[in-house]
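Work through the exercises below with the structure open beside you, and try each task before you read its solution.

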Amino acid sequence: MPTTLPTPLKLAVVIPTFNESGNVAVLVDKLHEVLGADHSWEIIFVDDDSPDGTSSLIRQLSENHPRVRCLRRIGRRGLSSACTEGMLSSSASYFAIMDADLQHDETKLPEMLRALEQEGYDMAVGTRYMEGGSVGNWQEDRIQTSQVATWMSQRLLGLRVKDPMSGFFMLRREVFEGAVYKLSGIGFKLLVDLLASSRRDLRIKEIPFHFGQRLEGESKLDTRVIWDYLMLLADKRLGRYIPIQLISFATVGSLGVLVHMLVLFLFMGIFHGAFMVGQVAAVSISMVFNFFVNNALTYRDKKLRGLSLIWGLLKFMLVCSVGGAANVGVASWIYDDMGYWLVSGLAGILVGLIWNYAATSILVWSNNTKTTKGA
Ligand code: GDD
Ligand code: MN
């Protein structure tokens, strides 16, 4: 193994990892096989302090493989932000992004590099949705979700590539630099984020590949990924005007209204209780709902646990009671003045929302930087 690498650095393969100890060594061998010894390339694993020890395994690998390094993030999670920070840490001219779990076909990398280096493309995207590509043995519901997500990005953000959900692609440094300040960095879909954040039209080559099967470890894709994706779309459309956390907080709040009405319906319609008691129950339950959902989604990176969770819930309920009072106060003040119930009601909701958002973000979810292992 050479101890010095050819310079200048041409390609960085950036690979996000979370609990991939069963895959990284095999992937490193495969990349050496396909990229060879003559080119100047490196592998940057970005590991979010995986509890299974992926990062120490990578460190061991790098003792024999000088092309391999690991960027270890503590108290952080997120595929997109991991890839972005991996690219920021490299001086290569081209970046490839791929998963660690061998589901992406590394033998396509030379073709991708050729497209950028010799054919003048800005980006090469590994595509499952064209001839020569496939999703492998996915369940029907995952295929449908992927198709709906693809359709949404095409309609809402005007993306034209066939597989914007792909996590396997290569791009020029200039493309990355041109988008980096605008990236939302939310969730799993970095390609959507990059495409929607790029100012100019990009020349993109789509290269089909078969999405392989994961043999070791587990997928991290869960329902939160869907939420993140919706928030990414919202941020790309509205982020210029409204902070994304406020959009998330307000969306959770709207769901909270549904919970409120459901509780009230159960209480009044089925159990025929007294309205006042039903309303108090509905307010309390929907507050608890709002707290837990915001803790899991809106403030995932500042998630409260254990004792601070209970303390946080109490503070949240207190702050939101003030918000409720402000809501009623402002609404009745405008109603007394102008008399339009719809306008008054909406103004009350807006004031309550802004208060609840601002006050809880400062008093409930402030400065809670997690450093729990692999959290
Ligand atoms: N650093 C870091 N932090 N890496 C992560 C995190 C995280 O929070 N979550 C997942 N990863 C890594 C995994 O270790 C893996 O290498 C890669 O990101 C993809 O994660 P998987 O959990 O294997 O995702 P998937 O196979 O379900 O989804 C893939 O295919 C989708 C195609 O529909 C990803 O490539 C998606 O981006 C892609 O959209
Ligand atoms: Mn995977």
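**Exercise 1. Find which residues come nearest to ligand 1, and examine the polar contacts there.**

Step 1. Of the 27 residues around ligand 1 (near means that a heavy atom lies within 4 Å), those that come nearest are Glu-20, Asp-99, Met-165, Lys-189 and Lys-220. This is a predicted model, in which local features need pLDDT of at least 70 and side-chain atom pairs count only at pLDDT 80 or more, while totals for chains, interfaces and linings use all residues. Residues are numbered from 1 along each chain as its sequence is written, chains are lettered from A and ligands numbered from 1 in the order in which they are written, and side-chain values use heavy atoms, leaving out hydrogens and water.

Step 2. Look for polar contacts, which are pairs of N or O atoms within 3.5 Å. An N or O atom in the side chain of Lys-189 is 2.4 Å from an oxygen atom of ligand 1, and a polar side-chain atom of Arg-142 lies 3.3 Å from an oxygen atom of the ligand. A polar backbone atom of Val-46 is 3.0 Å from a nitrogen atom of ligand 1.

Step 3. Ligand 1 taken alone exposes 740 Å², of which the protein buries 98% (areas by the Shrake-Rupley method with a 1.4 Å probe).

**Exercise 2. Describe the salt bridge of Arg-214 and decide whether its two residues are buried or exposed.**

Step 1. Side chains of opposite charge can pair when their charged atoms come close. In a salt bridge, a side-chain nitrogen of Lys or Arg is within 4 Å of a carboxyl oxygen of Asp or Glu, and Arg-214 forms one with Glu-20, their closest N and O atoms being 2.9 Å apart.

Step 2. The pair links distant parts of the chain, 194 residues apart, with Arg-214 in the loop between β7 (204-208) and α8 (223-238) and Glu-20 in the loop between β1 (11-17) and α1 (24-35). Helices (H or I, at least four residues) and strands (E, at least two) are DSSP runs, numbered from the N terminus.

Step 3. Buried means under 20% relative accessible area, exposed over 50%, and partly exposed in between (1.4 Å probe, protein chains only). Arg-214 counts as buried because its relative accessibility is 18%, and Glu-20, at 4%, is buried too.

**Exercise 3. Compare the expected span of helix α12 with the distance between its end C-alpha atoms.**

The expected span is 1.5 Å times one less than the number of residues. Helix α12 (residues 341-363) has 23 residues and should therefore span 33 Å, which agrees with the 32 Å between its end C-alpha atoms.

Note on methods: A polar contact is a pair of N or O atoms within 3.5 Å; within protein, one must be able to donate a hydrogen and the other to accept it, and residues adjacent in sequence count only if both atoms are side-chain atoms.
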